[in-house]
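Biologist: I would like to go through this model point by point. Please show it first, and then we can begin with the charged pairs.

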Amino acid sequence: MQRHTPESVADAAAVAALLQIGAEIGADQVLDSGEIFSASDMAKTAGVPVAGVTAYLAALLAAGLIVETEVPDEFQTAADYTDLRHQAGYVSWAMHANGPFIDNARAFLTDPAQAARTHRRNGRRVAVSSRWIGERAFYPQIIEQVVASGALRVTDLGAGAGALLIKLLQENPARTGTAVDSNGAACAAAREAARACEVHDRLTVAERPIESLVDDPGPVAGAEAILACYVMHDIVADERTAQNVLGALRDALAPGGFLAVADAVSYAQQPQERKFSALFTYLHATFMSVLLPTEQEWLDTFDKAGFSRTRTVPIGLPGGRLFVASR
């Protein structure tokens, strides 16, 4: 069993805070691009004064998150940047994306309905932290499924900042994608990222709730692969909604198409899963009124919706599973 030293925990906390600052000012676009950059490049992208960016870069350099290049005043991310960002994603998701729940825990435990109306999560923070986790924890398994199937028309439900679809579009120039998300800030981030990666001509962004696909399945119609990463647990919390939405997705798929759902199971008990799974399960039950299904309940739900076969694929996120449901 892995043991964390006080130093490693301190490192993870510091990296998470430094990268969160970058995400808040929009500097994460520069850092995550993998390209060489200067302070003026970052200042222009983030829309903040060069002096402020220079101080921020000095901190990143001192922390070893970026390194100097052979060209004076130009930088690039360190070799272990993506590893450190992945670790930071868990801290960011737990403490920042869910900050309104933690900060107002007393209100949620006293009057849940009123608290839920008053204290809402920031969509961009949820999207960014989920991307930092997902790029290592479950994106590879989903990309493998899409590439192996040869799917060229892909829709991502709850796409957030669009990172998964952008990776798939970069993998095959013949592939097109549709990102569906109900959060305006996340949709704006997806459009922004698509332009930065020069795949915006092949990515459509639809700002709408997943439930709307029952009456208007346009964004998923004819898709060869429909993806849903950690958004479907909101849907399956209600059996009738689950059957309506999953049934509509099944009917919308192209012949031979599949639905890939990466999501969480309730209170996973494997030693390496139980701590993060406990937090994930508790936050959803107490602060979002969502009771996560067990693994078997997930499988039963896909079966009731009419999918012919559902496979379970392990993923790297504690308490997570990838369900691949064939039409």
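Modeller: This is a predicted model. In it, glutamate 171 and arginine 175 form a salt bridge, with the closest N and O atoms 2.7 Å apart.

Biologist: Is arginine 175 buried or exposed?

Modeller: Its partner glutamate 171 has a relative accessible area of 40%, which makes that residue partly exposed. For arginine 175 the relative accessibility is 2%. The cut-off for burial is under 20%. Arginine 175 is therefore buried.

Biologist: How many salt bridges does a search of the whole structure find?

Modeller: A pair counts when a side-chain nitrogen of Lys or Arg is within 4 Å of a carboxyl oxygen of Asp or Glu. One such pair is glutamate 239 with lysine 304, whose closest N and O atoms are 3.8 Å apart. For the whole structure the search gives 14.

Biologist: Which helices does the pair of glutamate 239 and lysine 304 link?

Modeller: Both glutamate 239 and lysine 304 are exposed. The two residues are 65 residues apart, so distant parts of the chain are linked. Glutamate 239 belongs to residues 239–252 and lysine 304 to residues 295–304, that is, to helices α14 and α16.

Biologist: Which residues are joined into one network by salt bridges that share partners?

Modeller: Within that network, the side chains of glutamate 135 and arginine 85 meet at 2.5 Å, N to O. Glutamate 135 lies in helix α9 (residues 123–137) and arginine 85 in helix α5, so this pair ties together parts 50 residues apart in sequence. Both glutamate 135 and arginine 85 are buried. The network joins Asp28, Asp32, Arg85, Arg124, Arg131 and Glu135.

Biologist: Turning to the sheet, why is one side of β1 and of β2 left without a neighbour?

Modeller: The open sheet has 3 strands with antiparallel pairing, in the order β1-β3-β2. β1 (37–38) and β2 (66–68) therefore stand at the edges, and each has a single partner strand.

Biologist: Which residue is the bridge partner of serine 38 in β3?

Modeller: β1 pairs with β3 (residues 74–77) in the antiparallel sense over 2 bridges. Phenylalanine 37 stands opposite phenylalanine 75. The partner of serine 38 is glutamate 74.

Biologist: Which residue in the turn between β2 and β3 has a positive phi?

Modeller: β2 and β3 pair in the antiparallel sense over 3 bridges, and glutamate 68 stands opposite phenylalanine 75. The two strands form a hairpin with 5 residues between them. The turn residue with a positive phi, about 65°, is aspartate 73.

Biologist: Which residues make up the covered face of β3?

Modeller: In a regular strand, side chains alternate between the two faces of the sheet. The uncovered face of β3 has Glu74 and Gln76. The covered face has Phe75 and Thr77.

Biologist: What span does helix α15 reach from its first C-alpha to its last?

Modeller: Helix α15 covers residues 274–287, which is 14 residues. At 1.5 Å a residue, 20 Å is expected. The span in the model is close to that, at 19 Å.

Biologist: What covers the buried residues of α15?

Modeller: The buried residues of α15 are Phe276, Ser277, Phe280, Thr281, Leu283, His284 and Phe287. One of them, serine 277, has 1% relative accessibility. Beyond four places away in sequence, serine 277 touches Val265, Ser266, Tyr267, Ala268 and Gly319. The cover over the buried residues of the helix includes α5 (81–97), α6 (99–103), α7 (105–110), α13 (232–236) and β8 (258–264).

Biologist: Which residues make the nonpolar surface patch of about 320 Å²?

Modeller: Helix α15 contributes tyrosine 282. Tyrosine 282 is partly exposed, with a relative accessible area of 37%. The patch is made by Leu109, Tyr267 and Tyr282.

Biologist: What separation do the C-alpha atoms of glycine 47 and isoleucine 25 have?

Modeller: Glycine 47 lies in the loop between α3 (39–46) and α4 (50–63). At 64% relative accessibility, glycine 47 is exposed. Along the chain, glycine 47 and isoleucine 25 are 22 residues apart, and their C-alpha atoms are separated by 7.9 Å.

Definitions and conventions: Residues are numbered from 1 along each chain as its sequence is written. This is a predicted model: local features need pLDDT of at least 70, side-chain atom pairs count only at pLDDT 80 or more; totals for chains, interfaces and linings use all residues. Side-chain values use heavy atoms; hydrogens and water are left out. Helices (H or I, at least four residues) and strands (E, at least two) are DSSP runs, numbered from the N terminus. The expected span of a helix is 1.5 Å times one less than its number of residues. Buried means under 20% relative accessible area, exposed over 50%, partly exposed in between (1.4 Å probe, protein chains only). Contact means heavy atoms within 4.5 Å. Patches are made of residues with over 30% relative accessible area and no salt bridge: like charges are joined within 9 Å, nonpolar side chains (Val, Leu, Ile, Met, Phe, Trp, Tyr) within 5 Å. Accessible areas come from the Shrake-Rupley method with a 1.4 Å probe; for residues, only the protein chains shown count as cover. Two strands pair if DSSP finds at least two bridges between them.
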